[in-house]
Amino acid sequence: MINEKYHGLGTAPSVIRELFAYGLQQAKVVGKENVFDYSLGNPSIPAPAKVNETIKNLIDNTDSIQLHGYSMAPGFENVRQAIADNLNARFNCNAKASELFMTCGCAPALVSVAHALTTSPEDEFIAIAPFFPEYNVFFTCAGAKLAVVPADTVHFQIDMEALEKTINEHSVAVVINSPNNPSGVVYTEETLKKIAELLDRKSKEYGHPIYIVADEPYRELVYDGVKVTFIPNVYDNTIVCYSWSKSLSLPGERIGYVYVPEKCADAKAVYDTVSGAAREIGSVCPPTLIQKVIGECVGEMPDLAAYEENRNLLYNSLTEYGYECAKPDGAFYLFVKAPNGDAVAYSEKAKLEHNLLVVPGDGFACPGYFRLSYCVSNDMIKRSLPAFKAMIESYK
Ligand code: PLP
């Protein structure tokens, strides 16, 4: 006897994983250098040197029982204080250790918040297309619905009218992911202020707070000095989900947090409920060693030069060939319009004819576009350019 829902989730095909596996297989046939794999969002720049130095130092100088033991449920107080101090210095916000709950990455942070805020099967979380496909799993498995605001395919900001129409008495929260996976776009402060004004108005109208769940693993990955607005500074009822998976290139270490600012509606209850939800999903006591590393490395910033070089090369080349896409300000993704509007067909053709692996936007709730993860080597991008050119020419 097994749970059919989870069996379905465990066996559902994943376009991204299938492309990745195809790439590995093809590398054996045509050679690694002839496969152009843009499928995975796995950071390609190393973690800052201080991370490994800190790990070595901790291993050499900390009692083994302590270093590999459990931490308390919310995480170590001194680590949370270091994170709060860092947030305060950068965003002028007044975060406190007691408002931070450490998690095993951003996914468990989002799932804990989804469970914590869901009280009825009619509850709705609102996602703005294009969005991270796992939201479908995170929010529906918490027992809520996921309502989708169609993409603004001109600037990939947010269609305010469509958002307003999506909000109703069952709305619990709007999920905001900026810099965005898959568009790479950073929502402007103007956009975020408009959302704040809209949610304030709608919260009053329906008599309950409508939260923003800020999904921010790409917060520090921005180019050209673009500012990423810290959403709690423009909207009080914001719950932040964060991880160092992308910013410090530590996705395998599974470390992140939920931040529930005191000024948030029912903050203490929300925080305690997130803590309870984390128990239910078994995501407790994030790794002690990595928590301690974060405590010492929270001020480290990624060296984005390699991503920026990749972004510029890819964006400039593709637009020169005639592709259309919004210039990404952050993350490591480019979201490109498929030449004839059928991204699934484009992806299949690119795969079969050129070993060029791109992810159709359908899974991101934005058909007609495909995603390129440019956390790859610059050399691979250079080698792949003729394939992109041949592909667009084949549609002319
Ligand atoms: N949110 C977005 C938008 C992501 O792209 C990802 C991972 O790719 C996550 C959340 C999950 O992050 P983590 O690996 O820290 O769980």
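**Notebook: the ligand and the empty spaces**

I sorted the shell around the ligand by class: six nonpolar, five polar and three charged residues. Here Ala, Val, Leu, Ile, Met, Phe, Trp, Tyr, Cys and Pro count as nonpolar, Asp, Glu, Lys and Arg as charged, and the others, Gly among them, as polar.

I noted that this is a predicted model: local features need pLDDT of at least 70, side-chain atom pairs need pLDDT 80 or more, and totals for chains, interfaces and linings use all residues. Residues are numbered from 1 along each chain as its sequence is written, and side-chain values use heavy atoms, without hydrogens and water.

Which residues come nearest to the ligand? Of the 14 around the ligand (a heavy atom within 4 Å), they are Asp215, Tyr218, Ser243, Ser245 and Arg254. Helix H6 (residues 106-117) gives the largest share of the shell, three residues. I took helices (H or I, at least four residues) and strands (E, at least two) as DSSP runs, numbered from the N terminus.

Next I looked up polar contacts (N or O atoms within 3.5 Å). A polar side-chain atom of serine 245 lies 2.6 Å from a ligand oxygen. For the side chain of asparagine 181, the distance from an N or O atom to a ligand oxygen is 2.8 Å. A backbone N or O atom of cysteine 106 lies 2.9 Å from an oxygen atom of the ligand.

Last, I checked the lining of the largest cavity by class: nine nonpolar, two polar and four charged residues. Helix H5 (residues 77-91) supplies the largest share of that lining, four residues. The lining of the second largest cavity has seven nonpolar, one polar and no charged residues.

Technical notes:
Polar contact = N/O pair within 3.5 Å; in protein donor to acceptor, adjacent residues only side chain to side chain.
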